[in-house]
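Work through the exercises below with the model open. Try each task before reading its solution.

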Amino acid sequence: MPLFAHLRQHQRGSPLAATPRLPYLYRMSATTLPPVITDWFQSKGWAPHPHQLDMLARSDDPALLLIAPTGGGKTLAGFMPTLADLATAPYKGLHTLYVSPLKALAADIRRNLETPVAEMGLPVRIEDRTGDTSSHTKRRQRADPPHILLTTPESLALLVSYEDAPRMFAGLKRVVVDEIHALAESKRGDQLMLALARLQTLCPDLRRVGLSATVDDPAAIARLLARHPDPCPILTADPGPDPDIAMLTTSEPPPWSGGGAAYAIPAVLEQVKAHKTTLIFHNTRAQAEIFFHNLWLANEDALPIGIHHGSLDRDQRARVEAAMVRGELRAIVCTGSLDLGIDWGDVDLVIQIGAPKNVKRLVQRIGRANHRYNAPSKALLVPANRFEVIECLAALEAVIAHDLDGEPRGDGPLDVLCQHILIAACAGPFSADALFAEMTTAGAYATLDRKDFDACLDFIATGGYALRAYDRWQRLMQRPDGLWQLRDPRATRQIRMNIGTIQDTDTVKVRYRRNRGGKPLGEIEEAFAATLTPGDTFLIGGQIVRYEGLREMTVEVSPDPGRKPRIATFMGTKFATSTQLSDRILRLLQQDDWPGLPAHITDWLALQARVSRLPEPGRLLIETFPHDGREHACVYGFAGRNAQQTLGLLLTKRMEEMGLDPLGFVATDYATLIWGLKPLTDARALLDPAALENGLEEWFKGNAVMKRTFRASATIAGLIDRMSAGQRKSGRQATFSSDILYDTLVKYDPDHLLLRITRTEAMRGLVDFGRVREMLTRVGDRIDLVPLKRLTPFAAPLFLEAGRVPVEGMARERLMAEAAADLMREAGLG
Amino acid sequence: MGNARRLLPWPAPAAKNRPMSESKPHHSFTLAGETLHAMRSGALYWPAQSLLCVSDLHFGKSERKVRHGGMALPPYEVQDILTRLQADLDLTRAGTVICLGDSFDDITAHHGLPEAARLWIARLQAGRRWVWAEGNHDPGPVDLGGTHLAEMALPPLSFRHIATRGAVAEISGHYHPKAAIRTRAGLLSRPAFLIDAARVILPAYGTYTGGLRSSDAVLSGMMAADAIAVLTGHSALCVPMPRQDVRIPS
């Protein structure tokens, strides 16, 4: 459907002859489109878009990036040169490789290519290959590959690891990377580009095509896609009309804090009734679950409404998707799982619940509505609390100004590089020099230092430990001819089983008890499952269920509609407001008045300006005031949730050193509120960057964020095996925790490569120290410490925020002692 | 909200006005009339006999893994185990040491023990009675000092690697028990002693050792209804042995 949806629209709507593009089409098609294809187009009464023909005209470029909005027919544009080629002359072997971030997308594209190929009568075999493909088919595909193979980065990495990869990929002419903007944001993109570097060595004439949604920095994606230093021209399709986007107005003002937006349920239901199909996007799975639950309670007309997110059971998701395609659903409450690619049907409204945090993603989500090229997408933003009203307005202005945001990705991560060395070793003996040269043709690794590469190679070969303990048992050995190979060829099996960069959190499946039919419902995080006791209730897939017990690593539940549920936690990313959006908000606050904001917000801002002051760009506002018998300091850093959280940890540590006796803090995207016994009077001493960085050093040693980051990187780099199902099931003397490895390295080998990687990753991930540092540098000594008698309008909502971090009494040991004493007392033993 | 948000990420400073919880170095209990200490390190001390018992050291675990083509784990577990054992011996000045089986991950691990570690073990053995009890991983007699025994009786107690049903006054290891308790910061799990009127099961002393939750049927079935668990770590914490079947994050 996505391939030809735009063409059908021509069929439905505007008559072909009326499009001014037609002469262009004929001019181009006369020279490049084979008759069988032009005939087919004409038989359908369809016309290709100019950018689709541009792609064809430039099919000999070594790399080409197409930026087109959703519904712009970009996938067909990517395949145009392939179809033209295959229609001209018979071909033997693999011609074009298509890579997309979603398994479902690969299957979807296959179905949508097969129809026209059959109608044109082209002798073209099209197959997909993902984790779901049967092992029989997979084997056959390696021996006798199709003309067009549709796959994912992980499946491709696996293919590249086989000894027979050179045979399978021999003669490969083109590769199409779909939704490359999504891949570019994660390590999956880095892994894919290393695999493409390998393919390019096997097939030097390989042409690369990237297909991307609208992004802030197309050049960065072009750099990622092209073989370094090849050029990569960028084609931009007509972006279509601007979206019709507004804030949803409700009679009731939003609450002061929180993220649920329950206040907007009646207004959202009205919108659902007024439209054919509405997508209701949420930033987190937990919020989607709560909202869906509340929506159902208010859904008196029993409108068919579904829920869709990544933690739901696959069958359940598939059912929702199918119902949507059939047009049976009026609304789908969803998360990022519906962000990408697949066209689920005739969506005419997108509602974003909660501030979008990131303008680029908002624009991509809006594009999900009105999946027709020439119609504006319709979208509504629903702020979840009052501060988000301001953020939503800033985001609206950014969308209208086409001002997209993005954080530079930085250099290619070394853990992915380590895994690629393992993949190379599986494929056969390799030369370190050649592998290094090949890797540096991947844009993200173009500036890779040979020293870093050697450190990674040493890590894979020997473990890279300061104590050289494994000389006899090196994993990789250098042969007399200088090539490296696996010492034990049996290791390939384990390596291949662990290919991939997607970090699965430890989740456990949830299903109904057997006497209730045993229906699978989805997954919850293991850490959350561990806090459940029989009788506890929680929400999953919009239903309240009661925890009954754990059987073979599956949580068994029964329906329990009557009770107030706990909220299951999902690992899903918590997005921080982007730098660009934060800047916009700060600038917006500087205006003299705010015509775009409702009165309850402007009153609030005016009051804040009167009793204290409004935060300003380039300065740092810190308010101090006593409240409820404690001293408070509110630091308006506007650095995003993760950075404000890190700032809270570092500042309370500094305050402890300064004798201010901090007791706790809470962080939002905009500010950190700290409370303690003594008032802050010297803000400069508190924010001394050198002292803060020292605090960070110490913090790195024992913290949970670091351990989590370590586990992710150590798994990707191959130090830790992903647990196989069998291992987990037994539960017996299970593999010991990665925390033990982390602690051991910190203690005995603090300079080890993996600790270095962990720090780098943490700094740009959850810790986001980069933004703390950037904020401190930007404000310099322009710090406004405003001592006040009482709490301020801006600080007040922070008192209602969840996620307060107590500084006192949080040592694990104290808590354990407390809990142990309680248990003994309860048992009559204390 | 993950634990990361709720936990203080650095050790709380030794603040003047808010002392950390008292660390309890061991939990004292009696078995067959004998007073025993379940130490927070995971070692068992018998003051009357000046005897220290540790179980499941698994020396050479990392080496065995890499030998079989796996990834090379940080090769510091021998050093780490010996550091801790030395500290326990310095603390207790025990005259007898029993290593209660699975001291070595396998025979090759024993041969692969670095010279420095052998010398270190010899230093620890000097002036002490030292017993290597046999475990299922263990290779049989080793060419390190000490006595090799299948099991050892020291009335009223008997020491063997794997607990036997119906035994009394028995000290064993093998299962690597761990126990979890719910705290305000979520479920926290630690290697643990399991203790009832008839037996003690020691936690694994080795660095690279996973654990079997006390709620597992094999342990729940073996231990009496009134069994306790003593969690190791910063403090030796005594709780009623957790039996509820919750998954313990390892």
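The exercises go from whole chains to sheets, then to helices.

This is a predicted model: local features need pLDDT of at least 70, side-chain atom pairs count only at pLDDT 80 or more, and totals for chains, interfaces and linings use all residues. Residues are numbered from 1 along each chain as its sequence is written, chains are lettered from A and ligands numbered from 1 in the order in which they are written, and side-chain values use heavy atoms, with hydrogens and water left out.

**Exercise 1. Describe each chain by its elements, burial and contacts.**

Step 1: count elements. Helices (H or I, at least four residues) and strands (E, at least two) are DSSP runs, numbered from the N terminus. Chain A has 33 helices and 26 strands. Chain B has six helices and 16 strands.

Step 2: check burial. Buried means under 20% relative accessible area, exposed over 50%, and partly exposed in between (1.4 Å probe, protein chains only). In chain A, 59% of the 830 residues are buried. In chain B, 61% of the 250 residues are buried.

Step 3: check contacts, meaning heavy atoms within 4.5 Å. Take the contacts with a separation of 6 or more. In chain A, 73% of these join residues 24 or more positions apart. In chain B, the share is 65%.

**Exercise 2. Trace the seven-stranded open sheet of chain A.**

Step 1: read the order. Two strands pair if DSSP finds at least two bridges between them. The order is β3-β4-β2-β5-β6-β1-β7, with parallel pairing.

Step 2: find the edges. β3(A) and β7(A) (234–236) each have a single partner strand, so one side of each lacks a neighbour in the sheet. From one strand to the next, the twist averages 20 degrees.

Step 3: place β4(A). β3(A) and β4(A) run parallel, joined by four bridges. Here D128(A) stands opposite L150(A). β2(A) also pairs with β4(A) in the parallel sense, over four bridges. There L97(A) faces L149(A) across the pair.

Step 4: look at the faces. In a regular strand the side chains alternate between the two faces of the sheet. On one side of β4(A) lie I148(A) and L150(A), on the other L149(A) and T151(A), and all are buried.

**Exercise 3. Does helix α6 of chain A have the expected or an unexpected length, and what covers α6(A)?**

Step 1: compute the span. The expected span is 1.5 Å times one less than the number of residues. For the 18 residues of α6(A) (103–120) that gives 26 Å, and the end C-alpha atoms are 26 Å apart, which agrees.

Step 2: list burial. Buried residues of α6(A) include L105(A), I109(A), L113(A), V117(A) and M120(A). Charged-type names occur too: D108(A) and R110(A) are among the buried residues.

Step 3: find the cover. α3 (35–44), α5 (74–88), β2 (96–99), β3 (126–129) and β4 (148–151) of chain A are among the covering elements.

Step 4: set the direction. Axes are lines fitted to C-alpha atoms, for helices over the stretch in contact, and angles run from 0 to 180 degrees between N-to-C directions. α6(A) lies across β2, β3 and β4 of chain A, at about 175 degrees to β3(A). Just after the helix, G121(A) takes a positive phi of about 70 degrees.

**Exercise 4. Classify the packing of α3(A) on α5(A).**

Step 1: take the geometry. The two axes come within 9 Å and cross at roughly 125 degrees.

Step 2: classify. Angles under 35 degrees count as roughly parallel, over 145 as roughly antiparallel, 65 to 115 as roughly perpendicular and the rest as oblique. The two helices are therefore oblique to each other.

Step 3: name the contact. V36(A), I37(A) and F41(A) of α3(A) meet L76(A), M80(A), L83(A), A84(A) and A87(A) of α5(A). The contact has eight nonpolar residues, no polar and no charged (nonpolar: Ala, Val, Leu, Ile, Met, Phe, Trp, Tyr, Cys and Pro; charged: Asp, Glu, Lys and Arg; polar: the others, Gly among them).Step 4: add the sheet. α5(A) lies across β1 (63–67), β2, β4, β5 (174–177) and β6 (207–212) of chain A, running at about 155 degrees to β6(A).
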